[in-house]
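Dear colleague,

Please find below the structure that I am handing over to you. My notes on what was found in it follow directly after.

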Amino acid sequence: MPELPEVEVIRRGLAGVLTDKVIIEVTVLEQRSFPGFNARTPGFIWGARVDQVKRRGKMLMIELIPRVKTRVAASVYPHVLMVHLRMTGQLIYRSEDNDGFAGGFASDSLVGSLPDKSTRVIIDFIDGSKLFFNDQRKFGYMKLMRQDLLDQDSFLSSLGPEPLDETLSWQDLRKSIGRTSTTSIKAALLDQKRVAGIGNIYADESLFRAKVDPRRSVASLSPVEFRRLLVAIRACLRQSIADGGSTARNYVNSEGLKGEFLDLHAAVYGRTGLPCPHCGTPITKIRVAGRGTHLCEKCQV
DNA sequence: CACTTGACCTGTCCGC
DNA sequence: TGCGGACAGGTCAAGT
């Protein structure tokens, strides 16, 4: 379940290996994983060079600079290859001598030889390296957009503020979440329009650290609690990025390696029945906002 | 309008 | 062992 930290770890990994790489081929094995891809699409990205790799919320954005000489007018525009991993998406990079055919891959990689049965898209670079978009459940997608038209993307433009943005104050967060809203704070944290990048794991972990019951209405939170919540969100996200993200089932980074946040620093997520690290009360799992929700009934009020 | 629920998928796990 | 069903959770469409 790639959330902000997982996408950020992938972003950093890809930025290190993809920058300045030139695309020579894009192979779409599953149409629904790249819905806008058609016979003309390669014309926009063939020969394009990877510039920066960015992130907005859970969306990964690979900026492409077009090749200089072209007969296709549209391809003179810089494009952005956007990737949303949704639930089970993975982006795994393999260099030519490390692709599972020639020399194998990192022995601790959770992902074997590629492509495999869940490979949906393959991007080939001119140096022989490849980027594999794997997605067991096919919920994730890639899409290509002109960079100057990005603000027309309905998902992107609807996203709330970045919680790790230093300039975001707790008052800003409170305003964006909608301080008089009657919905639960858990549902609000999961709503990407109110705040970007938080999913089920970090919603639960942040609410635990802030000592706030996930069932509480947004309107019932005091300013002090909002302040605590933003501090908690940031601490969770930063810790997870440092741990390489969270692997509940599928997540791996661009090298195919799992994240350690859940093993090292999670207090409640996936720990049903285990003692609360603060008071020892067994962690309970309930349903809030249609999601499995983990909490300490004693610490979170 | 605000909010909740179901659908989209596939693999895993649990109980019978 | 086999099998049905619940479950995992990000987002959007449909429902209340």
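Helices α4 and α7 are roughly perpendicular to each other, because an angle from 65 to 115 degrees is counted in that way (under 35 degrees is roughly parallel, over 145 roughly antiparallel, and the rest oblique). The angle at which α4 (residues 170-177) and α7 (residues 223-242) pack is about 100 degrees, and their axes are 9 Å apart. Axes here are lines fitted to C-alpha atoms, for helices over the stretch in contact, and angles run from 0 to 180 degrees between N-to-C directions. Helices (H or I, at least four residues) and strands (E, at least two) are DSSP runs, numbered from the N terminus.

Trp170, Leu173 and Arg174 of α4 meet Phe226, Arg227 and Leu230 of α7; two residues are in contact if their C-beta atoms, placed from the backbone, lie within 7 Å. By class, this contact has four nonpolar residues, no polar ones and two charged ones. For these classes, Ala, Val, Leu, Ile, Met, Phe, Trp, Tyr, Cys and Pro count as nonpolar, Asp, Glu, Lys and Arg as charged, and the others, Gly among them, as polar.

Please note that this is a predicted model, in which local features need pLDDT of at least 70 and side-chain atom pairs count only at pLDDT 80 or more, while totals for chains, interfaces and linings use all residues. Residues are numbered from 1 along each chain as its sequence is written, and chains are lettered from A and ligands numbered from 1 in the order in which they are written.

Domains

Chain A is divided into domain 1 (4-158) and domain 2 (170-295), with bounds that come from an automatic or database domain assignment. Taken over C-alpha atoms, the centres of domain 1 and domain 2 are separated by 29 Å. Domain 1 contributes 24 residues to the contact and domain 2 contributes 21 residues. On the side of domain 1 that touches domain 2, the elements giving two or more residues are α1 (4-18) and β5. Of these, α1 gives the most, with eight residues. That side of domain 1 has 12 nonpolar, seven polar and five charged residues.

Sheets

One open sheet has four strands in the order β2-β3-β4-β8, with antiparallel pairing; two strands pair if DSSP finds at least two bridges between them. Its edges are β2 (49-56) and β8 (141-146), each of which has a single partner strand, so one side of each is left without a neighbour in the sheet. Neighbouring strands are turned by 20 degrees against each other on average, direction ignored. Within this sheet, β3 (residues 59-65) and β4 (residues 79-84) pair in the antiparallel sense over six bridges, and Ile62 stands opposite Leu81 in β4. Helix α1 packs on the sheet and touches β2 and β3; its direction makes about 165 degrees with that of β2.

A second open sheet, also of four strands, follows the order β1-β6-β7-β5 with antiparallel pairing. Here β1 (23-28) and β5 (89-94) stand at the edges with a single partner strand each, so one side of each is left without a neighbour in the sheet. The average turn between neighbouring strands of this sheet is 15 degrees, direction ignored. Five bridges join β1 to β6 in the antiparallel sense, with Glu25 opposite Asp124 in β6. Strands β6 (residues 119-125) and β7 (residues 130-135) run antiparallel and are also joined by five bridges. Thr119 stands opposite Asn134 in β7, and Val121 opposite Phe133 in β7.

Backbone features

Most residues other than glycine have a negative phi, and most peptide bonds are trans. The peptide bond from Leu114 to Pro115, however, is cis, with omega near 0 degrees; Pro115 lies in the loop between β5 and β6. Lys211 is not a glycine, yet has a positive phi of about 60 degrees, and is found in the loop between α6 (200-209) and α7. The hairpin of β6 and β7 has four residues between the strands, and Gly128 there takes a positive phi near 95 degrees.

DNA strands

A residue is near a strand if its C-beta atom, placed from the backbone, lies within 6 Å of it. DNA strand C is surrounded by 14 residues, of which Met1, Phe155, Gly199, Asn200 and Gly292 are the closest. The surface near DNA strand C has five nonpolar, four polar and five charged residues. The residues around DNA strand B include Lys117, Arg137, Lys138 and Phe139. By class, the surface near DNA strand B has two nonpolar, six polar and three charged residues.

With kind regards
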